[in-house]
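Please open the model in your viewer and keep the sequence panel beside it. This tour moves from the whole chain to single residues, with a selection to make at each stop.

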Amino acid sequence: MGDRLRLAVGIMGNASSLLLYAAPILTFTRVIRKRSTEEFSCIPYIVALSNCLLYTWYGLPVVSYKWENFPVITINGLGIILELSFILIYLWFAPTRGKIKAGTITTMVMVIFTVTAIISAFVFHDHHHRKVFVGTIGLVASVAMYAAPLVVVKQVIMTKSVEFMPFYLSFFSFLASVLWLAYGLLSHDLLLASPNLVGLPLGILQLGLYCKYRKRGIIEEEPSKWDLAHNNIQEKPKHMQLSMNEDINGKI
């Protein structure tokens, strides 16, 4: 029963993570259409790539015992493909300064992952120590992935606009945190559960900010019917006064 429940939660975690990784498709459709990255930041996607790389390696039999973490491999393997696609699109349409910044950070991520994989495979000789080593670095990457949107959160607070913080990205981040936290606890694997203790409150923060500033944006952008009616009421007395003056002048 316990294994079935863990597998079911893992499948749901896969589904929510797939939606999380695929959510930026709407953002990058806009980037391609406008041929500009505008104010979007590439950092969340680069950090997500590092997270996917490390946890794919964590789930493989080299680190984990046989295929005990197969759900972790499948979703993070797919995440690698998606995040690399987003980063390449960003590099294509970003200004020169943005390309240099994104390219430099992506290169650093690939170097860190390569070094981690080599050390775990050749320095440590048992699954336990490999899991602890890779899981600890993966924990840092996961916390960074969940914290990366804080760059956008700062922008939302300053501009009072959620234009560059997509709702689906925030929602699926929250949902994935809940499910993977449950999966980690059911697996008695703190290295899988721990990052989501950070991701969960950050997901709640993003959703709260979205609800707050989205309503404000709608109020500011669209003139209300009350304002239009109020303006009409103010204009009517002027027309009435002009008509009365014309009548009086005509009689005189």
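What follows is a walk through a predicted model, taken one selection at a time.

**The whole chain**

Begin with the whole chain coloured by secondary structure, which comes to ten helices and zero strands, so that reading from the N terminus each element in turn is an α element. Of the 252 residues in the chain, 40% count as buried. If you switch on the surface, its accessible area comes to about 14,900 Å², and 70% of that belongs to carbon and sulfur atoms. Among the contacts with a separation of 6 or more, 76% are accounted for by residues 24 or more positions apart.

**The annotated spans**

Next, select residues 6–28, 40–58, 70–93, 105–125, 131–153, 165–186 and 192–211, which an unreviewed UniProt entry marks with the feature "transmembrane region". Two of these spans can be examined by their ends. Residues 70–93 are 100% helix and 0% strand, with end C-alpha atoms 36 Å apart, while residues 192–211 are likewise 100% helix and 0% strand, with end C-alpha atoms that lie 30 Å apart.

**An aromatic pair between two helices**

Now show the side chains of F28 and F86. The structure holds eight aromatic pairs, and in this one the ring centres are 5.1 Å apart with the planes at 10 degrees, so the pair counts as stacked. Because F28 lies in helix α2 and F86 in helix α4 (residues 70–93), the pair ties together parts that are 58 residues apart in sequence. Are these two residues buried or exposed? F28 is buried, with a relative accessible area of 3%, and F86 also counts as buried, at 4% relative accessibility. Add Y45 to the selection, and you have one aromatic cluster formed by F28, Y45 and F86.

For another aromatic pair, move to F124 and F133, whose rings are tilted, at 5.2 Å centre to centre and with 40 degrees between the planes. Here F124 is partly exposed, with a relative accessible area of 24%, and F133 is partly exposed too, with a value of 21%.

**T56 and its surroundings**

Select T56, which lies in helix α3 (residues 43–59). T56 is buried, since its relative accessible area is 12% and the cut-off for buried is under 20%. Which residues is T56 in contact with, leaving aside its neighbours within four places in sequence? They are I73, N76, G77 and I80. Zoom in on N76 in particular, where the backbone oxygen lies 3.5 Å from a polar atom of the T56 side chain.

**K99 in helix α5**

From there, go to K99, which is found in helix α5 (residues 96–122) and is partly exposed, with a relative accessible area of 36%. Once its neighbours within four places in sequence are set aside, K99 is in contact with L91, W92 and A94. Draw a C-alpha to C-alpha distance from K99 to C42 as well: the two are 57 residues apart in sequence, and in space they are 9.6 Å apart.

**Two loops with positive phi**

Select R35, in the loop between α2 (24–34) and α3. The phi of R35 is near 55 degrees, a positive value in a residue other than glycine, and R35 is exposed, with a relative accessible area of 59%.

Then select H188, in the loop between α8 (167–186) and α9 (190–221). The phi of H188 is also positive and near 55 degrees, again in a residue other than glycine, and H188 counts as exposed, at 74% relative accessibility.

**Helix α8**

Finish on α8, the helix that H188 follows. How far apart are the end C-alpha atoms of α8? They are 29 Å apart, which agrees with the 28 Å that its 20 residues should span at 1.5 Å a residue. Now colour the buried residues of α8, which are L169, S170, F172, S173, A176, S177, L179, W180, L181, Y183 and G184. While turning the helix in the viewer, keep in mind that an α-helix has 3.6 residues a turn, so residues three or four places apart point the same way.

Terms used
Residues numbered from 1 in each chain as written. Predicted model: local features only at pLDDT ≥ 70, side-chain atom pairs only at ≥ 80, totals over all residues. Heavy atoms only, no water. UniProt positions renumbered as here; feature names shortened; annotations may be inferred. Helix = DSSP H or I, 4+ residues; strand = E, 2+ residues; numbered from the N terminus. Buried < 20%, exposed > 50% of the residue type's maximum accessible area, 1.4 Å probe, protein only. Polar contact = N/O pair within 3.5 Å; in protein donor to acceptor, adjacent residues only side chain to side chain. Contact = heavy atoms within 4.5 Å. Areas by Shrake-Rupley, 256 points an atom, 1.4 Å probe, with all protein chains shown as cover. Expected span 1.5 Å × (residues − 1). Phe/Tyr/Trp six-rings, centres within 6.5 Å; stacked < 30°, edge-to-face > 60°.
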